[in-house]
Amino acid sequence: MIAKFQMPNNNTPEPQAVCDPISRSAIFLTLTVARGEDEAAAVREWCGEIAALVRAVGTRAPTAKLSCVCGFGSEAWDFLFGAPRPASLHPFIEFGSGERRAIVTPGDILLHIRADHMDLCFELASQLLDKLGNAVTVVDEVHGFRYFDLRDMVGFVDGTENPSGKSAANFTIVGDEDEEFAGGSYVVVQKYFHNLRAWNALTVEQQEKIIGRKKLSDVELGADVKPSCSHSSLTTIEENGQEVKILRHNMAFGRPGAKEFGTYFIGYARMPGPIEQMMENMFVGRPPGNYDRLLDYSRAVTGGLFFVPSADLLDALPDRTPAAAVSASPSSAPRREATRDGKLNIGSLKGTPQHE
Ligand code: HEM
């Protein structure tokens, strides 16, 4: 049985393309914004131009399903737009230690550009960055591709347990629990590099126990053989007895010549708590020490949490003035208690959860 939250009502603003279907290609851009008034004004202006650029590029090849999702980091939100701020937006929380660590890296704006053809992603990325000019610096750029039958770089089908349809919207789109930001979403990204030589030295059976599914058929391992430290076990979480899902659009990327083999993790949720709980389970372990063995072969080299405003709010952001903002901002103090109390903060959503 899957937890369902109260559906966004008819007046909920239009979300960005968070729940769009899986694509063949994607470009992930992480940007920082120069801390000046002119630069902030340029970014605000640009927010109102994104939708028109997506239309201009995408209409030339409608079947390629071009889309763009734009999110903002916690500190950037205050600097660019001020109060009010999204209720659950805070800096990315780090988990783990040593080699096995979910690190935070700089990032004010995230662009998740998707299409079935890379040329469209490339063209839109170029146009968006051209408009921003010197107001931003690109701190990370990943060009992702679908690998065979929706496999990630470790060779397993990725995305099977994603929610779909109305359920995807329920798990990812903010409702009346934060009325001013309804139609928005939260997104976590992490760029992972894999030690493929070591991974491929494992037997298929060993790899399957690490992921929790059969490699060829993608069928989930039976409860009698699936270890509690498998990736699928540790990322399956419940709140009040109901499973809480997130929506992932991971992509493979890499440069064989540089021996670089990676998976770009991108997960959307209605609030950050579920994704943070999954990361804690993976990096620290459930219980602590019972961590995700995928991390013995995969290293996170970036990490960021962003709020994705609704499409309607994104269009209206040029009219924001940040003056009232910064003093009340919690942005500099990571709210680790969001997961430390053992709750995902889902139950605090306004409106009683509805169950199937
Ligand atoms: C190295 C990076 C990662 C790789 C290669 C990877 C790969 C996979 C694969 C192959 C599956 C099984 C098929 C599926 O249901 O999609 C899976 C499931 C899943 N992963 Fe990951 N993943 C990665 C990182 C993460 C992270 C960082 C999170 C969350 C913070 C996460 C959350 C999930 C969830 C929620 C599921 C579905 C579990 C279930 O319901 O069975 N993954 N992942």
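**Notebook: a predicted chain and its ligand shell**

I began at Ser74, which I found to be buried because 26 other C-beta atoms lie within 10 Å, where 20 or more are enough for that label. Ser74 belongs to helix α3, residues 74-80. I also looked up its distance to Pro86, 12 residues away along the chain, and the two C-alpha atoms are separated by 8.9 Å. I note here that the model is predicted, and I kept that in mind for every entry below.

**Overall make-up and confidence**

I counted 11 helices and 16 strands in the protein chain, and of its 356 residues 44% are buried. Among contacts with a separation of 6 or more, 80% are between residues 24 or more positions apart.

For confidence, I noted an average pLDDT of 90 over the protein chain, with 88% of the residues at 70 or above. Among the elements, strand β15 (residues 304-308) has the highest mean pLDDT, 99, whereas strand β16 (residues 354-355) has the lowest, 30. I then looked for the weak stretches, and found that residues 324-343 stay under 50, although the model has 30 contacts for them beyond four places in sequence. Residues 346-356 are likewise below 50, and this stretch has 28 contacts beyond near neighbours in sequence. Where pLDDT is low, the predicted coordinates should not be read in detail, so I did not pursue those contacts further.

**Strand β6 and its partners**

I turned next to strand β6, residues 109-115, where seven of the seven residues are buried, so the strand is largely enclosed by the rest of the structure. I checked the two faces separately: Ile109, Leu111, Ile113 and Ala115 are buried on one side, and Leu110, His112 and Arg114 are buried on the other.

Which strands pair with β6? Strand β2 (residues 25-33) runs antiparallel to β6 and is joined to it by seven bridges, with Ala26 opposite Arg114. Strand β3 (residues 67-72) is also antiparallel to β6, through six bridges, and here Cys68 stands opposite Ile113.

**The nonpolar core**

I looked up the largest nonpolar core, which has 89 residues, and the members with the most contacts inside it are Ile109, Leu124 and Val187. Ile109 is thus a residue I had already met on one face of β6. For Val187 I listed the contacts other than those within four places in sequence, and obtained Gly71, Leu110, Ile266, Gly267, Tyr268, Phe306 and Val308.

**The β12-β13 hairpin**

Strand β12, residues 251-255, has four of its five residues buried, so I recorded it as largely enclosed by the rest of the structure. β12 pairs with strand β13 (residues 260-269) in the antiparallel sense over five bridges, and Phe253 stands opposite Gly262 in β13. The two strands form a hairpin with four residues between them, and in the turn Lys259 has a positive phi of about 55°.

**Around the ligand**

β13 came up again when I examined the ligand, as it is one of the elements, with β8 (185-194), α8 (231-234) and α9 (273-283), that each supply at least two residues of the shell. The shell holds 26 residues, of which Phe156, Thr160, Glu161, Thr235 and Met278 come nearest to the ligand. By class, I recorded 11 nonpolar, 10 polar and five charged residues in the shell.

**Backbone exceptions**

Most residues other than glycine have a negative phi, and most peptide bonds are trans, which is why I listed the exceptions one by one.

I found the peptide bond from Ala83 to Pro84 to be cis, with omega near -5°, and Pro84 lies in the loop between α3 and β4 (95-97). Another cis peptide bond joins Arg286 and Pro287, with omega about -5°, and Pro287 is in the loop between α9 and β14 (298-300).

Lys65 has a positive phi near 55° and sits in the loop between α2 (50-58) and β3. I classed Lys65 as partly exposed because it has 17 other C-beta atoms within 10 Å. Asn240, also not a glycine, has a positive phi of about 50°, and its place is the loop between β9 (237-239) and β10 (242-244). Is Asn240 buried or exposed? With 12 C-beta neighbours inside 10 Å, Asn240 counts as exposed, since the limit for that class is 12 or fewer.

Technical notes. Residues numbered from 1 in each chain as written. Predicted model: local features only at pLDDT ≥ 70, side-chain atom pairs only at ≥ 80, totals over all residues. Pairing = 2+ DSSP bridges. pLDDT = per-residue confidence, 0-100. Contact = placed C-beta atoms within 7 Å. Near = placed C-beta within 6 Å. Nonpolar A, V, L, I, M, F, W, Y, C, P; charged D, E, K, R; others polar. Core = buried A, V, L, I, M, F, W, Y, C linked by C-beta atoms within 7 Å.
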